[in-house]
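Hi,

Here's the structure I said I'd pass along. Have a look at it first, and my notes on helix packing and empty space follow below.

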Amino acid sequence: MTPEKVLEMARTKGVRVVDIRFLDFPGVWQHFTVPLCELEPSVFEDGFGFDGSSIRGWQPIHASDMLVIPDPATAKIDPFFEVPTLVLIGNVVDPTTREPYSRDPRYIGRKAEAYLKSTGIGDTAYFGPEAEFFIFDDIRFKSGVNESFYAIDSISGIWNSGRDEGPNLGYKPRHKEGYFPVPPTDKFQDLRTEMMLTLESLGIDVECQHHEVATAGQAEIDMRFKPLVQMGDNLMWFKYVLKNVACRHNRTVTFMPKPLYGDNGTGMHVHVSIWKEGKPMFAGDKYAGVSQDALYAIGGILKHCPALCAFTNPTTNSYKRLVPGYEAPVNLAYSSRNRSASIRIPMYSSSPKAKRIEFRTPDPSCNGYLAFSAILMAVIDGIENRIDPGEPLDKNIYNLPPEELSRIPTAPGSLEEALKALAADHEFLLKGDVFTQDVIDKWIEYKTANEVDPVKLRPHPHEFFLYFDI
């Protein structure tokens, strides 16, 4: 869409204000709003100024001025605001040099796409994330000097099977039995459909929606695969739409990987394929119908997975889900159909166009642009260096004898471990200047200072249960 067509769209839709959006470093949308009269063709080159020092992980106070330049291709009408509002996602640049800002996650995604083309391996990388989430009725939490707690409630939570609800009608999914009961056990069919249709109204293609495995309203809505940056944009809209539809019904949505103890966590399996001149480069005659390049791509992800986790599983809570011995895909192996492997080759279709690899370790707490870019760089590194993924593992990993299981490498056990892995293994990310050393260093510094250390320093409520009477 051109700037002229954006202005025409605004007139046709009766737009009165324009919302400019961009992403902070960890991965949360930021925005400010201007009247429609400010949306002149020149702003698509000149941009809007804002204070970069107030954005997490960005500029110091003495170099705070930044510009955000709207991307006309991202124009959409917001489905929630009372006043007709045009939304434009922007690219962040330095106001003095006019150079793209190295810590802008969307810019990193754009560079990853450009680097893929420069290698000759392919011209398009498609990503299809399966982002799971929870729908809750109430969430309270506090973290202070002398107290710490969280309390979650859900009409669908099995823990409420004995609650006086005047009357309690039952039909609450038991732990690990939420996949796929019909209503009345599934209480969120209409809510998820509203989320799905709202996404479709924004031009975001959706494949399906359903209840997920856990109790208390765990759910999944699957978007159709798109190129890297477009899928990064779509994932931001996805989180925005789901949260706001839930709020409209006095409910709340979280993408935390592990909000409930003793039940399934929330993952985001990421489907990846590379195409060149309209042809799928991952289709072939090797194992499970994939190409040799696809196997090398798997080798790249498996080799770099500990470092990738710093971006694909970027919270301390992520590693409450990634625990060995449970269902989470922590074992670095690949297989067709076997969902206990960290990489799976889906076998739903024999069509070459459907051939892809599914990286099952990530979770939806990630910054999509950074996670997808890092995965693509590992894929490219695997193909360029012909990294052998080894033999597939077509067994149930969790039934293997201990001596055999001990030979399978695993994902990091904590965010701190993942950040250390990133510090030791990031040369593959620096190729093509996709990730810069400054981005790597700042990510490690920010995550350590703002998440790892604060969690390490605080007593855990369960420690009082374990140790108070010592």
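In this predicted model, helix H4 packs against helix H5 through Leu-191, Glu-194, Met-195, Thr-198 and Leu-199 on the H4 side. Their partners in H5 are Trp-237, Phe-238, Val-241, Leu-242, Val-245, Ala-246 and Arg-248. Sorted by class, that contact has nine nonpolar residues, one polar and two charged. H4 covers residues 189-201, and its axis comes within 9 Å of the H5 axis, with a crossing angle of roughly 135°. An angle over 145 degrees would have counted as roughly antiparallel, so at roughly 135° H4 is oblique to H5. The crossing is right-handed.

The other helix pair I looked at is H10 (residues 415-424) with H12 (residues 437-457). Here the axes come within 10 Å and cross at roughly 160°, and the two helices are therefore roughly antiparallel. The handedness of this crossing is left-handed. From H10, the residues in contact are Leu-415, Glu-416, Leu-419, Leu-422 and Ala-423. H12 answers with Ile-440, Trp-443, Ile-444, Lys-447, Thr-448, Glu-451, Val-452 and Lys-456. By class that comes to eight nonpolar, one polar and four charged residues.

Now for the empty space. H5 turns up again in the second largest pocket, where it gives the most to the lining, with five residues. The pocket holds about 240 Å³ of space. It is lined by 15 residues, and the closest to its centre are Ala-73, Thr-74, Gln-230, Asp-233 and Asn-234. Which elements give two or more residues to this lining? They are helix H3 (105-119) and helix H5 (228-248). The lining is mixed in class: six nonpolar, four polar and five charged residues.

As for enclosed space, how many cavities of 30 Å³ or more does a search of the whole structure find? It finds one, and the volume of the largest cavity is about 30 Å³. Its lining is made up of Phe-22, Leu-23, Trp-29, Ile-89, Gly-90, Arg-106, Met-236 and Tyr-369. Strand S1 (17-23) and strand S6 (85-93) are the elements that give two or more residues there. In class terms, the cavity lining has six nonpolar residues, one polar and one charged.

That's what I have for now. Shout if you'd like to go through any of it together.

Cheers

Note on methods:
Residues numbered from 1 in each chain as written. Predicted model: local features only at pLDDT ≥ 70, side-chain atom pairs only at ≥ 80, totals over all residues. Heavy atoms only, no water. Axes fitted to C-alpha atoms, helices over the stretch in contact; angles between N-to-C directions. Helix = DSSP H or I, 4+ residues; strand = E, 2+ residues; numbered from the N terminus. Parallel < 35°, antiparallel > 145°, perpendicular 65-115°, else oblique. Left-handed = near helix turned anticlockwise from the far one by under 90°. Contact = heavy atoms within 4.5 Å. Nonpolar A, V, L, I, M, F, W, Y, C, P; charged D, E, K, R; others polar. 1 Å grid on protein atoms, 1.4 Å probe; cavity = no way out; pocket = protein on both sides within 12 Å on 5 of 7 lines; lining within 4 Å. Points joined across faces, edges and corners; volume = space filled by probe spheres on them.
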